[in-house]
Amino acid sequence: MPLILTDDQLMIRDSADGFFNSEAPVAQHRALRDAADPVGFNRDVWAKMAEMGFTGVLVPEAHGGADMGHVAAGIIMEAMGKNLSAAPMLSTAVLGATALKHGTPEQQAKYLPLIAQGAHLLALAADEAARHKPAHIATTATPSGNGFKLNGSKGFVLDGAAADTLIVAARTSGDTNDSAGITLFLVNPKADGVKIDRRSMVDSRGTARVTLNDVQVDGADVLGSVGEGHAILEKVLDAGRACLAAEMLGLSGTAFTMTVDYLKQREQFGQKIGSFQALQHRAAHLFCEVELARSATLKALQALDEGSDRAPMYVSLAKAKAGEVAILATNEGVQMHGGIGMTDEYDIGFFMKRARAAQETFGDAAFHSDRIARTLGY
Amino acid sequence: MPLILTDDQLMIRDSADGFFNSEAPVAQHRALRDAADPVGFNRDVWAKMAEMGFTGVLVPEAHGGADMGHVAAGIIMEAMGKNLSAAPMLSTAVLGATALKHGTPEQQAKYLPLIAQGAHLLALAADEAARHKPAHIATTATPSGNGFKLNGSKGFVLDGAAADTLIVAARTSGDTNDSAGITLFLVNPKADGVKIDRRSMVDSRGTARVTLNDVQVDGADVLGSVGEGHAILEKVLDAGRACLAAEMLGLSGTAFTMTVDYLKQREQFGQKIGSFQALQHRAAHLFCEVELARSATLKALQALDEGSDRAPMYVSLAKAKAGEVAILATNEGVQMHGGIGMTDEYDIGFFMKRARAAQETFGDAAFHSDRIARTLGY
Amino acid sequence: MSDLDAFRAETRAWLEANCPADMREPIRGDDDVCWGGRNCQFKSEGQRLWLERMGAKGWTVPEWPAEYGGGGLSRAEARVLAEEMKRIKARSPLSSFGIWMLGPALLKYGNEAQKKEHLPRIARGEIRWCQGYSEPGAGSDLASLRTSAEDMGDHYLVNGSKVWTSYADKADWIFCLVRTDPAAPKHLGISFLLFDMASPGVSTSPIKLISGSSPFCQTFFDNVKVPKENLMGTAGKGWEIAKYLLTHERDMIGGSDSTGGGQRDSVSNIAKRLIGLDAAILADTALRTDIARHEINALAFSLTMERVMAETKSGQGTGALSSMLKYYGTELNKERMQLLMSIRGSDGLTWEGEEKGDGDLARSWLRSRANSIEGGTSEVQLNIIAKRVLDLPGA
Amino acid sequence: MSDLDAFRAETRAWLEANCPADMREPIRGDDDVCWGGRNCQFKSEGQRLWLERMGAKGWTVPEWPAEYGGGGLSRAEARVLAEEMKRIKARSPLSSFGIWMLGPALLKYGNEAQKKEHLPRIARGEIRWCQGYSEPGAGSDLASLRTSAEDMGDHYLVNGSKVWTSYADKADWIFCLVRTDPAAPKHLGISFLLFDMASPGVSTSPIKLISGSSPFCQTFFDNVKVPKENLMGTAGKGWEIAKYLLTHERDMIGGSDSTGGGQRDSVSNIAKRLIGLDAAILADTALRTDIARHEINALAFSLTMERVMAETKSGQGTGALSSMLKYYGTELNKERMQLLMSIRGSDGLTWEGEEKGDGDLARSWLRSRANSIEGGTSEVQLNIIAKRVLDLPGA
């Protein structure tokens, strides 16, 4: 597959850019932050995203989705990154839909159409370690009745406070850090023993701590096979990581553009600061870095669409590179804006905050460079 | 001890700078290189260094040395680095003298005065791995007669072709990579079974491969106790590393000064290139880096003089920092000189070559940052 | 017993008797810092007493002359005092721009009346000062300031505005750069004025930062009358004082950490605690490499601070190194905060929470980004090194 | 069977029959590369035959028109040829600045007579070309060149000198930037001349590099007579051709590795082999982190090359990206060579030795330092990106 967007994908890009630019611009993010919104996104926007087909981007057509694939999902996430648009796209349309494609026909028939309609929100309750470590699952699922009883705590559940269904990773066997013995469950957040605490985070997105205290789940709520959840989880995470890379690419692009615009307009010492060669070189270098992140991200999304064996490696490449570039782009953005960049009134700080949170989500650059090295055998 | 040179040390600095600047300037290094000199240094200069008291800088006064300490040794090495002066200062006056201070009274009485007089050259034949790993000793010393038989090969012996005595690290017990079981021996390079092959290296310094084939040594030639050589070796290496840091500091300083001078003189696009802000900022950053290397190096040398427990940590700090700075300073030097910096006719390339070789000697920045982390317990 | 030993014994006894118990506890946050001033809200009776007692002895400014409210101590005595305070973990009684910035300038450039009026009140923490330097739109180009002070015979009439005035909303007086001669070249028409923030026509408006706090204000002057005797130094020579002060500020920011004082735990210790070891090395090897690289630079930097100070004291100093310390120190602190964010992972993202300390790390991280902007940006420091230290030609 | 399949079958058969066995072995060093030319010293009969046969078919330049000695192949056919050559590991029959640089410019700017005269001889490797661009003292500021070509009616009289002319001592002809109008503004008085290096008044002097090799010369012109018909394009419009060619050169350097072609082993594979693993990860963890960071960038960069090419082909390209590829590619290659030096440790320092390959790494490392200088320095590329891509204002 040539490393380029198809004509269809170019159209999706134009429509996604237009949509988020008008329906969920940075100003909306600011308003949600100021209002300390309980879910951290605007439900009307989500409904419109469903109309656009965005929520069903990874849902098969048979289940009412648009089934446009990961490149398209990444394009949508990139557009959201450009505008810092908040919506449960990652948690529901990417993580949720990917997980449910591994469900039973009944589970698929129940949830996937709802996802495509934007009528049901999911949240992945997997991570327990503050530094991402997917096999680090101490939450237990012990046999009970015709199902299991869940006990444990999940600290960093994206959109956990808004979710209609939680996808919980718990251990049916093995020790913490074993990849074998992890099982995924579909859990109703209103069930007895589930406690959801909304957390206030630096990026003002909706994140919750989920505590499970003797939560009874049915055998029919197992997603995939008992003890085999790790493989599904890795696929779900890889889809999420690639889309996070796309989001970070988008936010890097905007931070970069804002900065270059500022360099052209701001004067110091009687000159446009963009005429200072040291800043020019840093901006030019940053331009190159953003281009590299773009290539790596597109490759990862394409590899997922192709079902390539090398997809995990490319996903890690994209997450590592886009993560480092997002940090660099927002750091340089704030620095080159000078004092104004430090003020809450100006938007660039939001990009820096979101970059940091996205970097920490599902593995930072250190995690993914380690994963790449292991994949390449060193 | 204040982190500063004493008045005595300032005087030593002035005299060392003056000496090497006039007696062994870069032009002499070039001449030695062009002549493919078999030992890689000028014996007359070495004799004069003895007259100056430099060769005995670490030799106790009781043995005819100047006993000026490690800071002074570093000052001399820094001056040599500034001028790329070649002489067996490191191998004999630093490594050799440090090792022999752990010898028997007889060994000390025999060798130390000769070192101070510049009348006897030593070489440390320890490293076997191409990437420095002090405990990686496969050379064996098996009991034989009233002493031992040595077998093995040492790939990177500084001044090995010029040495009158080799200090050989061999294994009397244990496995390769054990620190216990290493023993140091004083070996006559003319003894049967010793083969010395001069190697031509990128920095044109005198380096040899030493092969030991059933070399018989006497029990009296053991330096320190049998099996306890590792501790002495570490002290010898640390003295050498700190002095290498000082040498790299010196060469970084000259490379930096040459580059700044060039920036002030060279014109491009109708302007002095030193007026281009991007180059100004890089030069200013490099200035800071050289200053940091200077502080770390002085601290390491002082810590050795004080016999501080933290000396190994500061030595690694100095070697790591001065090594990275030397690479940066010479890379930037060549780059900012442009095409002319790539020509053999111009001296800056010599600094780059020597920086690389000094960086690889006794542990590069990666080795020492690992050692620091282990010292700090992580 | 030497004089110094005697001084130490006395000092130790006095501190034991006079430092309240709660002033010996570590500072837990910005709130615990005492800034003094007319409207000072003491957090405890201990805090009030501690300032009062130390101020009375002049030990808030141990080396200032006693006639101006200082302690009149020699450098050696001041070091003894600092050591003895450290021994009992006594808090600093007073944080003050008056002490750190204006005081040294007043001692150097102020006239006798100004010194007598202001220095004792600074020493006792009675007046809290703020600095009026930067202006909206001027940024690093400080000398392009436009706030005017028109000579009205017996007073100046000040009009204009300042930005990034730290705690202007809480300050009693301001030291302020103003343009007294609009016709003079950029650097020459500037003067250094001191005036009361309660003067009619002064107003302030806090600036909210990305870290959520508002330590800075925009400050407006609308026909503010300032008596002529409040001019410090010579009219039109204010730039010299400003440069002198900027160097002070730079040293402060470069050397300080923004986390509010006290001994900082090392990055690697924090990482060890939070991430743990695996076969004796940090379980995350990629992060370990970055941490080691950072700590090498941090160590070499602190040694450089030590060396520069030792050289300056002995007269060996090459001088003009405050830009280096400011540049490198702030860049290192930013890197440190980024590494701590990485080490803490998703926990570091917390903004608000129920537990004490929730959100502190994220806010400190965001705050640290200003280090390389305030007090002269990193770019300005590099310009200064290139021009003043390396003597590179102008563009 | 499609036309292309038929072409593939034919090509495969022809290559099998005509590519000598020793031309299917990997290139072991610079010596194995065939540069052609009047004085070509073929390393083997196979090398001579291979050039002769490929040149006769025009397959040294598959896409050039057949009338000018090219293969006249479509892009698709040329790709098939490349694939089939790769399949049998056939060496490139000819390395040539004539093919890479002058040829494309001749096709675009040359007149019919010039094309007919030069292109076929380039294709067959009969004439080896060198490039006369840089001048002593000019460096990156190419347009400040001073070599003059005075119009003498029927010929130009060329005086001056060039530097960094690759293999000028081995070249037969030179394409050369000269100043034909000393009165015109800098970029406007420049013309593009072709002439024979055997002309009276031309002399060369090799420049020894820090790597020990001398691929470049200084070249002197002392009253060299050049026929008027050797002017390519319009007099005074040489700068346009030069820029066109520089972009070609940039692409070549950015995309190429300086190690002499062929598939390169990855840095991590080399490290694995030489350093070994410990508990499944590279035994030196600090180096491992640096290698991983490098490989991430190298991978992302090669994907960027792929993407830029795909975009250009499809017309999506943003253009002007050759500076990015040149800048980033050469910086990466320098980093790669530094890592390989680190991995090899003291063995990498060898300069000369008895074994084949001794000294190769150190020389390649030193050679790589020129990557970011030749063909427009990294600084010039960043300037170009800042101005042309980002549209930042001039200083």
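In this predicted model, B:Leu84 sits in the loop that links helix 4 (70-83) to helix 5 (89-100) of chain B. The backbone of B:Leu84 is worth a second look, for this residue has a positive phi of about 55° although it is not a glycine. Most residues other than glycine have a negative phi. B:Leu84 is also buried, with a relative accessible area of 0%. A further positive phi turns up in chain D, where the value for D:Tyr167, again not a glycine, is near 50°. D:Tyr167 likewise belongs to a loop, here the one between strand 3 (155-166) and strand 4 (173-179) of chain D.

Another loop of chain D, between strand 7 (216-227) and strand 8 (231-232), holds D:Asn230. With a relative accessibility of 10%, D:Asn230 counts as buried, because the limit for that class is under 20%. Beyond its neighbours within four places in sequence, D:Asn230 touches D:Gln114 and D:Trp173, together with the run D:Phe192, D:Leu193, D:Leu194 and D:Phe195.

Turning to chain C, UniProt (unreviewed entry) annotates residues 42-126 as "domain: Acyl-CoA dehydrogenase/oxidase N-terminal". Over residues 42-126 of chain C, helix accounts for 60% and strand for 0%, and the C-alpha atoms at the two ends lie 13 Å apart. Helix 2 (residues 45-57) of chain C carries C:Met54, a residue that counts as buried at 0% relative accessibility. Once neighbours within four places in sequence are set aside, the contacts of C:Met54 are C:Trp14, C:Trp59, C:Thr60, C:Met85 and C:Pro93. In addition, 9.0 Å separates the C-alpha atoms of C:Met54 and C:Ala123, although these positions lie 69 residues apart along the chain.

Farther along chain C, helix 7 (residues 267-275) packs with helix 8 (residues 285-314) at an angle of about 160°, and the two axes are 10 Å apart. Angles over 145 degrees count as roughly antiparallel, so helix 7 and helix 8 of chain C fall into that class. On the side of helix 7 of chain C, the contact is made by C:Val267, C:Ser268, C:Ala271 and C:Ile275, while helix 8 of chain C brings C:Leu287, C:Ile291, C:His294 and C:Glu295. By character, the residues of this contact are five nonpolar, two polar and one charged.

For chain A, the UniProt record (unreviewed entry) lists "domain: Acyl-CoA dehydrogenase/oxidase C-terminal" at residues 227-376. Residues 227-376 of chain A are 79% helix and 3% strand, with end C-alpha atoms 27 Å apart.

Finally, the cysteines deserve a word. A disulfide is a covalent bond between the sulfur atoms of two cysteines. With a cut-off of 2.5 Å between sulfur atoms, the count over all chains is zero disulfides. C:Cys217 is in no disulfide, and its nearest cysteine sulfur, that of C:Cys130, is 8.0 Å away. C:Cys217 is buried, with a relative accessible area of 0%. In chain D, D:Cys176 is in no disulfide either; the nearest cysteine sulfur belongs to D:Cys130, at 8.1 Å. D:Cys176 is buried too, with a relative accessible area of 0%.

How values were computed: Residues numbered from 1 in each chain as written. Chains lettered and ligands numbered in written order. Predicted model: local features only at pLDDT ≥ 70, side-chain atom pairs only at ≥ 80, totals over all residues. Heavy atoms only, no water. Axes fitted to C-alpha atoms, helices over the stretch in contact; angles between N-to-C directions. Helix = DSSP H or I, 4+ residues; strand = E, 2+ residues; numbered from the N terminus. Parallel < 35°, antiparallel > 145°, perpendicular 65-115°, else oblique. Contact = heavy atoms within 4.5 Å. Nonpolar A, V, L, I, M, F, W, Y, C, P; charged D, E, K, R; others polar. UniProt positions renumbered as here; feature names shortened; annotations may be inferred. Buried < 20%, exposed > 50% of the residue type's maximum accessible area, 1.4 Å probe, protein only.
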